[in-house]
Amino acid sequence: MQMTMVKYWYLSFHIFFLSMLYPKEINIESIEIDSKSNGIIVNVKMDSMLRKNDLTAWQANSGWFYITLYKAKGDTLNLKSNGLPSEVIDYQLIQGDESFQIGLRLRRNIESHEFLFIDKNTLNIPLRYSTDYFSSLESIAEPHSRSEEHTSELQSPCNLVCRLLLEKK
């Protein structure tokens with residue numbers, strides 16, 4: 001009995017040691033890039049889940065934004081996206097010895113990003129533009145004075161609530 005326990009412990013130790021020495025690589029199956037008014041969303045589908053410690057991203061001074069997935073592998077030719085959003089000027093995939101990198105050359109700099117797991121195999125990476133861009137947009141102009149027609153519409157019973165709210169102001 002004791003000899004069996006020693007064998008199991010010895011076997012378990014070697015399996016653990018080998019798994020640390022040769023960590024499992026995660027295969028990237030697809031990459032989707034979508035543009036929104038406040039930034040870009042990158043979805044990465046993998047065959048298994050990466051740890052948060054194996055993810056990093058940064059904005060370079062050159063206008064490129066890089067996402068690095070350590071312990072991940074992908075076919076850079078098959079993962080290339082044909083239809084890129086207009087906000088993405090250029091797109092590159094780089095397979096290194098220990099990591100896979102997604103490079104996005106964007107029209108505007110990214111101020112913040114997150115790594116969110118939608119499920120155990122899908123990584124969602126929202127990239128948000130600087131809020132300075134939105135503050136530079138023109139504000140909504142003051143509404144024009146109401147026409148007689150518009151005032152009579154407000155007087156109809158179906159718009160009673162609207163009329164009461166306007167009268168309060």
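**Exercise 1. A tyrosine and its aromatic company**

Work out whether Tyr-66 is buried or exposed, and which residues share its aromatic cluster.

*Solution.*
Step 1. Tyr-66 has a relative accessible area of 15%. The cut-off for buried is under 20%, so Tyr-66 counts as buried. Keep in mind, here and below, that you are working with a predicted model.

Step 2. Now look at Trp-64, which has a relative accessible area of 13%. Trp-64 is therefore buried too, by the cut-off of under 20%.

Step 3. The count of aromatic pairs comes to two. Trp-64 and Tyr-66 form a pair with 6.1 Å from centre to centre and 15 degrees between the planes. Planes under 30 degrees apart count as stacked, and that is how the pair of Trp-64 and Tyr-66 is classed.

Step 4. Add Trp-58 to the picture: Trp-58, Trp-64 and Tyr-66 make up one aromatic cluster.

**Exercise 2. Build the four-stranded sheet**

Find the order of the strands in the open sheet of four, and say which strands stand at its edges.

*Solution.*
Step 1. Start with S3 (residues 55-59) and S4 (residues 64-70), which pair in the antiparallel sense over five bridges. To check the register, find Thr-56: its bridge partner in S4 is Thr-68.

Step 2. Follow the chain between these two strands. S3 and S4 form a hairpin with four residues between them. In the turn, Gly-63 has a positive phi of about 100 degrees.

Step 3. Move on from S4 to S7 (residues 99-106), its antiparallel partner over seven bridges. Here Trp-64 has Arg-105 of S7 as its bridge partner.

Step 4. Put the strands in order: S3-S4-S7-S6, an open sheet with antiparallel pairing. S3 and S6 (88-95) are at the edges and have a single partner strand each, so one side of each lacks a neighbour in the sheet. Direction ignored, neighbouring strands in this sheet are turned by 15 degrees against each other on average.

**Exercise 3. The partners of S10**

Find which strands pair with S10, and how many of its residues are buried.

*Solution.*
Step 1. Begin with S9 (residues 116-119), which pairs with S10 in the antiparallel sense over three bridges. A hairpin with two residues connects S9 to S10. In this pairing, Leu-116 has Asn-124 as its bridge partner, while Phe-117 stands opposite Leu-123.

Step 2. Next take S2 (residues 39-46), joined to S10 by seven bridges and running antiparallel to it. Val-44 has Leu-123 of S10 as its bridge partner.

Step 3. Then add S8 (residues 110-113), antiparallel to S10 over three bridges. In S10, Tyr-129 is the residue opposite Ile-110.

Step 4. Check the cover: seven of the eight residues of S10 are buried, and the strand is mostly covered.

**Exercise 4. Around the end of S10**

Say where Ser-130 is placed, and which residues it touches beyond four places away in sequence.

*Solution.*
Step 1. Ser-130 lies in the loop between S10 (122-129) and helix H2 (131-135).

Step 2. Its relative accessible area is 18%, and Ser-130 is buried.

Step 3. Leaving out residues up to four places away in sequence, Ser-130 touches Asn-109 and Glu-111. The side chains of Ser-130 and Glu-111 are joined by a polar contact of 3.3 Å.

Step 4. Finish with Tyr-129. The charged end of Arg-108 sits over its ring, 4.0 Å from the ring centre.

**Exercise 5. Asp-34 and its contacts**

Find the strand that holds Asp-34, and the side chain with which it makes a polar contact.

*Solution.*
Step 1. Asp-34 belongs to strand S1 (residues 26-36). With a relative accessibility of 39%, Asp-34 counts as partly exposed.

Step 2. The side chain of Asp-34 makes a polar contact of 3.3 Å with the side chain of Lys-36.

Step 3. Not counting residues up to four places away in sequence, Asp-34 touches Gly-39, Ile-40, Ile-41 and Pro-85.

Step 4. Compare sequence with space: Asp-34 and Gly-83 are 49 residues apart in sequence, and their C-alpha atoms are 9.7 Å apart.

Terms used. Residues are numbered from 1 along each chain as its sequence is written. This is a predicted model: local features need pLDDT of at least 70, side-chain atom pairs count only at pLDDT 80 or more; totals for chains, interfaces and linings use all residues. Side-chain values use heavy atoms; hydrogens and water are left out. Two strands pair if DSSP finds at least two bridges between them. Axes are lines fitted to C-alpha atoms, for helices over the stretch in contact, and angles run from 0 to 180 degrees between N-to-C directions. Rings of Phe, Tyr and Trp (its six-membered ring) pair if their centres lie within 6.5 Å; planes under 30 degrees apart count as stacked, over 60 as edge-to-face and the rest as tilted. Buried means under 20% relative accessible area, exposed over 50%, partly exposed in between (1.4 Å probe, protein chains only). A charge sits over a ring if NZ of Lys or CZ of Arg is within 6 Å of the ring centre and within 35 degrees of the ring normal. A polar contact is a pair of N or O atoms within 3.5 Å; within protein, one must be able to donate a hydrogen and the other to accept it, and residues adjacent in sequence count only if both atoms are side-chain atoms. Contact means heavy atoms within 4.5 Å.
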